[in-house]
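This report describes the fold and the ligand surroundings of the structure shown below. The account moves from the loops to the sheet, the helices and the ligand shell.

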Amino acid sequence: MRELKLELTRFMMSYKFATDEILTKINILKEEFSAIHDYSPIEHVSSRLKSPEGILKKAIRKGHPLELTGIRDNIQDIAGIRITCSFISDTYRVRDMLAGQRDVTVLQVKDYIREPKANGYQSLHLIVAIPVFMSDRVQPVTVEIQIRTIAMDFWASLEHKIYYKYNGAVPDTLVEDLRQAADAANRLDVKMELLHDQVVALEPVTDDADLFSFDS
Ligand code: 0O2
């Protein structure tokens, strides 16, 4: 019993360590990118670990074997990281920066931005594996990374609340309203990126100090 408890603790810890490693990478990318380009493609980052109850529920729901190796092999979103970006192009930029890291292996990509779900959900999902160096082993650990814009995130958090409020049986009118809201969010994303591109293309504004000359 004691051994099983220890093994379970180490199992959960490996996901925490993997999350920490990816969060460190994201922070480095964010800081470095900001220093070079004077803006950050990453607005906000959050993370969560599925609870042991949540893991068991999912394993039972999906019919996976209820032992740690089976769970590790079959459930890939025990560790989850969500990155919000200002613009759609930034979501792909962040994906490329992460996928380009030597110790990150991309196992799966679901691009719900190019192909939104029927309800309107948009987001870019990556399942990655990263090696975690434990005291007696190197464990490859999977992490789900969701990358989306602020507008997509706004939509998804409200839709999530509505979905749970109705226990999954959302009335048709609300479903349609949500789909329209997702379209509106997409139009806003496209418009904001166009505006941003126009501003970036402008000549830099002369520093106030330069407007005054002593030679008059
Ligand atoms: P939580 O608590 O957020 O993690 P899977 O069940 O993961 O094996 P699935 O459903 O095909 O397979 O995975 P997918 O499509 O990559 O979605 C996984 C996660 O994306 C979900 O995790 C949600 O976080 C998010 N997501 C997917 N579809 C929707 C949606 O329609 N609306 C919202 N708001 N979020 C969505 P969990 O496990 O459902 O929950």
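## Loops, sheet and ligand shell

Asn-167 lies in the loop that connects H5 and H6. The model discussed here is predicted. Asn-167 is not a glycine, yet its phi is positive, at about 55°. Because 7 other C-beta atoms lie within 10 Å, and exposure requires 12 or fewer, Asn-167 is exposed. A positive phi also occurs at Asp-38, likewise a residue other than glycine. Asp-38 is placed in the loop between H1 and S1. The table sets out both residues.

| Residue | Loop | Phi | C-beta neighbours within 10 Å |
|---|---|---|---|
| Asp-38 | H1 to S1 | near 70° | 7 |
| Asn-167 | H5 to H6 | about 55° | 7 |

The sheet is open and contains 5 strands in the order S1-S2-S5-S4-S3, with mixed pairing. Strand S1 (42–49) and strand S3 (105–111) form the edges; each has a single partner strand, so one side of each is left without a neighbour in the sheet. On average, neighbouring strands are turned by 20° against each other, direction ignored. S1 pairs with strand S2 (residues 79–85) in the antiparallel sense, over 7 bridges. Within this pair, Arg-48 is opposite Gly-80 of S2.

Helix H1 (residues 2–37) packs on the sheet and touches S1, S2, strand S4 (124–133) and strand S5 (138–149). The direction of H1 makes about 175° with that of S1. Helix H5 (residues 150–165) lies across S1, S2 and S5, and runs at about 100° to S5.

The length of H5 can be checked against expectation. At 1.5 Å a residue, its 16 residues should span 22 Å, and the end C-alpha atoms are 23 Å apart, which agrees. The buried residues of H5 are Ala-151, Met-152, Asp-153, Trp-155, Ala-156 and Glu-159. Their cover includes S2, S5 and helix H6 (172–201).

Which residues surround the ligand? They are Asp-77, Gly-80, Lys-110, Lys-117, Asn-119, Tyr-121, His-125, Ala-156, Glu-159 and His-160. By class, this shell comprises 2 nonpolar, 4 polar and 4 charged residues. H5 supplies the largest share of the shell, with 3 residues. Ala-156 and Glu-159 belong to the ligand shell and are also among the buried residues of H5. Gly-80, another residue around the ligand, is the one that Arg-48 stands opposite in S2.

Technical notes:
Residues numbered from 1 in each chain as written. Predicted model: local features only at pLDDT ≥ 70, side-chain atom pairs only at ≥ 80, totals over all residues. Pairing = 2+ DSSP bridges. Helix = DSSP H or I, 4+ residues; strand = E, 2+ residues; numbered from the N terminus. Axes fitted to C-alpha atoms, helices over the stretch in contact; angles between N-to-C directions. Contact = placed C-beta atoms within 7 Å. Near = placed C-beta within 6 Å. Nonpolar A, V, L, I, M, F, W, Y, C, P; charged D, E, K, R; others polar. Expected span 1.5 Å × (residues − 1). Buried ≥ 20, exposed ≤ 12 C-beta atoms within 10 Å, placed from the backbone.
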